[in-house]
Amino acid sequence: MLRSAPPGRSALAGGLRLLGRLGEGGQGVVYLGENADGGKAAVKWLRPDLSGDEVSVGRFLREVEVARHVAPFCTAAVLGTGIEQDRPYIVSEYIEGPSLQRVVQEQGPRTGTVLHRLAIGTATALAAIHQAGIVHRDFKPANVIIGADGPRVIDFGIARALNATSTISNSVVGTPSYMPPEQIMGHTVGPAADMFSWAGTMIYAASGRAPFGSDTMPAVINRVLSQQPDLGVLDGTLREVVAACLAKDPAQRPTAEQVMMRLLQQSAPGSGMLAQGAAEAAAPPPLPSRGRPPTPARPHTPARPPT
């Protein structure tokens, strides 16, 4: 829902006019902007108390520039950055549509092919983001927009930049219900962290419930660190890859590309031995196993001929 623009402020540097507020998060406020030609864009403006010093702001803007190299499909493309009132802002493509969180709240959980397409589209977006050297760090239902042409992932630029610039904010970047253990513990996070968050988001999409609850923060954090969420609503290949992505050890989680390929194999047409052989030939490395590795088969020893 579009709210009013900030009092006394109708424009930002670069010629964008703020039409109203789209939403607000822990790091800033998102506005709907319009240029002189009537083109729309989303503008995320950092909160005043997070602006930091000149060095920090410069680092912030450089990090966000990296996000401009992400392939635009399945994401909201970063169009530019700037500084207004000593506060950096990000201009990105405006995607018309509700968030996954809102869709589930208003229409109920996703099922069948709708859920499967959502899983493939978001995994593909993360693969593109990771290919550009970006870690999202705050992947969750509110950051997936259901556009007319499919799901789009937003906010990957600001999440990466803020976490890389500790002098801007000493608060945790992310949402506890969807954060992996290593991120909660303050350890260095990589692409595997996003896959944990992706898995939790798929559970929410299929059930309407946050994967580790939504009560008190200490309770949620304890479950993330020591418990597994209920996968009962998921089945088939999607259940398998979600379970693998929820491994507490990031080294045991599959990559976005592996997840994407596994899900695509499930939806590929064809049947019989020919389809099975094609799938096996194109298969990525197997998903990490949580159990003990199988015992290798012993070599066959031919029977000794009778004497």
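Reader: Is Arg17 buried, exposed or partly exposed in this model, and what is its relative accessible area?
Author: The model is predicted. Residues with under 20% relative accessible area count as buried and those over 50% as exposed, with partly exposed in between. Arg17 falls in the partly exposed class, with a relative accessible area of 42%.

Reader: Which residue meets the side chain of Arg17 in a salt bridge at 2.7 Å, N to O?
Author: Side chains of opposite charge can pair when their charged atoms come close. Arg17 lies in strand E2 (residues 16–24) and its partner in strand E3 (residues 28–34), so the pair ties together parts that are 17 residues apart in sequence. The partner is buried, at a relative accessible area of 16%. The residue that meets Arg17 at 2.7 Å is Glu34.

Reader: Where do Glu106 and Arg102 lie, given that they form a salt bridge?
Author: The closest N and O atoms of Glu106 and Arg102 are 3.1 Å apart. Glu106 is exposed, with a relative accessible area of 57%, while Arg102 is partly exposed at 39%. The two residues are 4 apart, about one turn of the helix, and both lie in helix H2 (residues 100–107).

Reader: How many residues apart are Arg253 and Glu182?
Author: Arg253 and Glu182 form a salt bridge, with their closest N and O atoms 2.7 Å apart. Arg253 is buried at 6% relative accessible area, and Glu182 is buried at 8%. Arg253 sits in the loop between helix H8 (236–245) and helix H9 (256–267), and Glu182 in helix H5 (residues 181–184), so the pair links distant parts of the chain, their separation being 71 residues.

Conventions: Residues numbered from 1 in each chain as written. Predicted model: local features only at pLDDT ≥ 70, side-chain atom pairs only at ≥ 80, totals over all residues. Heavy atoms only, no water. Salt bridge = Lys/Arg side-chain N within 4 Å of Asp/Glu carboxyl O. Buried < 20%, exposed > 50% of the residue type's maximum accessible area, 1.4 Å probe, protein only.
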